[in-house]
Amino acid sequence: MKYLGRIFLTGVLTVLPVLATIYLLIWLFTTAESFLGKPLQWLIPEGFYRAGMGLVVGVLVIFVVGVLMRAYIVRRLFGFTENLLLQLPLIKTIYAALRDFFGLFAGQDDQVALQVVTVTLPGTDMRLMGFVTRDHFSDLPEGVASEGEVAVYLPMSYQIGGYTLFMPRSQIKPVDMSREQAMRFVLTAGLRAKPSDA
C-alpha cells in the first residue's frame, strides 16, 4: 500500500501544477475575451466576430501602449494622469500598491534596485535571501533609516508577504543571481534553484 500511495502522490504532484496552469490560462483567456470581446462585437459588423478576437485586441492594445510610452509627450500625459489618480484618497492607495507590486521586477537600470543579497542572522551562520530595494531615504521622514543603511526586502515562501529590514550595507552579501531566479527560489522554499529555471 505504501508503494501504491507513493505512486499516487507522484501522479498528483505531476498533474496538479499542469491542471492549475491550464486553469489559469483558460481563466485569463475567458476574462480577457468577455471584457474586450463584447465591446468589440458592437464595433465590427455582425457575423465578422470570432472567438479569441477580444484577446488578440487586448494584446495589441497593450503592445501599442508600450510603443506609445516611449514618446516623451505620452509619458508626460501619463505622468499627469497618474498624479491625478494619486490625489484621490482610496484610489491612490490601491493604485500605488498595484503599480509598485507589478513594477517590482520590471527591468531597471539602477544597479542598486532589487540587487539579490543574503542577510546573516545575528549570532548564527544562517542566512536569508532578499532584495535591496533602496539605498537612499532622503524622500522619507527622519528616523526611518540611518546613514549607510539599505532597505532589504525578505520575501516569504509560498505566499505574498515578507519583511523590510533596514540594516548596514556591511551586513549584506551580494549574490550573482537574477531577480526572477532568486524570487522563484525563495517563493518555492528552494525547490526551484537550477539555472535552467531562470
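**Sheet, covering helix and salt bridge in a predicted model**

Strands β3 and β4 run antiparallel and are joined by seven bridges. The coordinates discussed here belong to a predicted model, and the description proceeds from this pair of strands to the rest of the sheet, then to the helices and to selected side chains. Within the pairing of β3 with β4, Ala151 has Phe166 of β4 as its bridge partner. On the side of β2, the strands β2 and β3 also run antiparallel, and three bridges join them. Here Arg134 stands opposite Ala151 of β3, while the bridge partner of Phe131 in β3 is Tyr153.

The pairing continues from β2 to strand β1, which spans residues 115-120, and these two strands pair in the antiparallel sense over six bridges. One of the positions in register is Val119, whose bridge partner in β2 is Leu128. The hairpin formed by β1 and β2 has six residues between the strands, and in this hairpin Gly123 takes a positive phi near 75 degrees. Strand β1 pairs in addition with β5, again in the antiparallel sense, over three bridges, and in this pairing Val117 has Pro174 of β5 as its bridge partner.

Taken together, the strands form an open sheet of five strands in the order β4-β3-β2-β1-β5, with antiparallel pairing. Strands β4 and β5 are the edge strands of this sheet, each of them pairing on one side only. On average, and with direction ignored, neighbouring strands of the sheet are turned by 40 degrees against each other.

Strand β3 is mostly covered, with seven of its seven residues buried. The side of β3 to which Glu149 points is shared by Ala151, Tyr153 and Pro155, whereas Val150, Val152 and Leu154 point the other way, and all of these residues are buried. In strand β2, by contrast, where Thr133 lies, a partly exposed position is found, since the relative accessible area of Thr133 is 34%. When neighbours within four places in sequence are left aside, Thr133 is in contact with Leu114, Ala151 and Tyr153. Of these contacts, Leu114 is 19 residues from Thr133 in sequence, yet the two are 5.1 Å apart in space, C-alpha to C-alpha.

Helix α5, which comprises residues 179-187, lies across β1, β2 and β3 and runs at about 135 degrees to β2. The buried residues of this helix are Arg179, Gln181, Ala182, Met183 and Val186, and what covers them includes the strands β1, β2 and β3. After α5 comes Ala189, a residue whose phi is positive, near 60 degrees.

A further packing arrangement involves helix α1, formed by residues 2-43, and helix α2, formed by residues 53-68, which pack at an angle of about 90 degrees with their axes 7 Å apart. The two helices α1 and α2 are therefore roughly perpendicular to each other. From α1, the contact is made by Phe29, Ala32, Glu33, Leu36, Gly37 and Leu40, and from α2 by Met53, Gly54, Leu55, Val57 and Gly58.

With regard to charged side chains, the structure holds one salt bridge. This salt bridge is formed where the side chains of Asp135 and Arg169 meet, at 3.8 Å from N to O. The pair links distant parts of the chain, 34 residues apart, as Asp135 belongs to the loop between β2 (127-134) and β3 (149-155) and Arg169 to the loop between β4 (162-168) and β5 (172-174). Asp135 is partly exposed, with a relative accessible area of 32%, and Arg169 is likewise partly exposed, with a relative accessible area of 38%.

Glu149, whose place is in strand β3, presents another situation, for Glu149 is buried yet has no salt bridge, and the nearest side chain of opposite charge, that of Arg169, is 11 Å away. Residues up to four places away in sequence not being counted, Glu149 touches Asp135, Phe137, Phe166, Met167 and Pro168. Among the residues touched by Glu149 is thus Asp135, the residue whose side chain meets that of Arg169 in the salt bridge.

Note on methods
Residues numbered from 1 in each chain as written. Predicted model: local features only at pLDDT ≥ 70, side-chain atom pairs only at ≥ 80, totals over all residues. Heavy atoms only, no water. Salt bridge = Lys/Arg side-chain N within 4 Å of Asp/Glu carboxyl O. Helix = DSSP H or I, 4+ residues; strand = E, 2+ residues; numbered from the N terminus. Buried < 20%, exposed > 50% of the residue type's maximum accessible area, 1.4 Å probe, protein only. Pairing = 2+ DSSP bridges. Lys, Arg positive; Asp, Glu negative; His and termini not counted. Contact = heavy atoms within 4.5 Å. Axes fitted to C-alpha atoms, helices over the stretch in contact; angles between N-to-C directions. Parallel < 35°, antiparallel > 145°, perpendicular 65-115°, else oblique.
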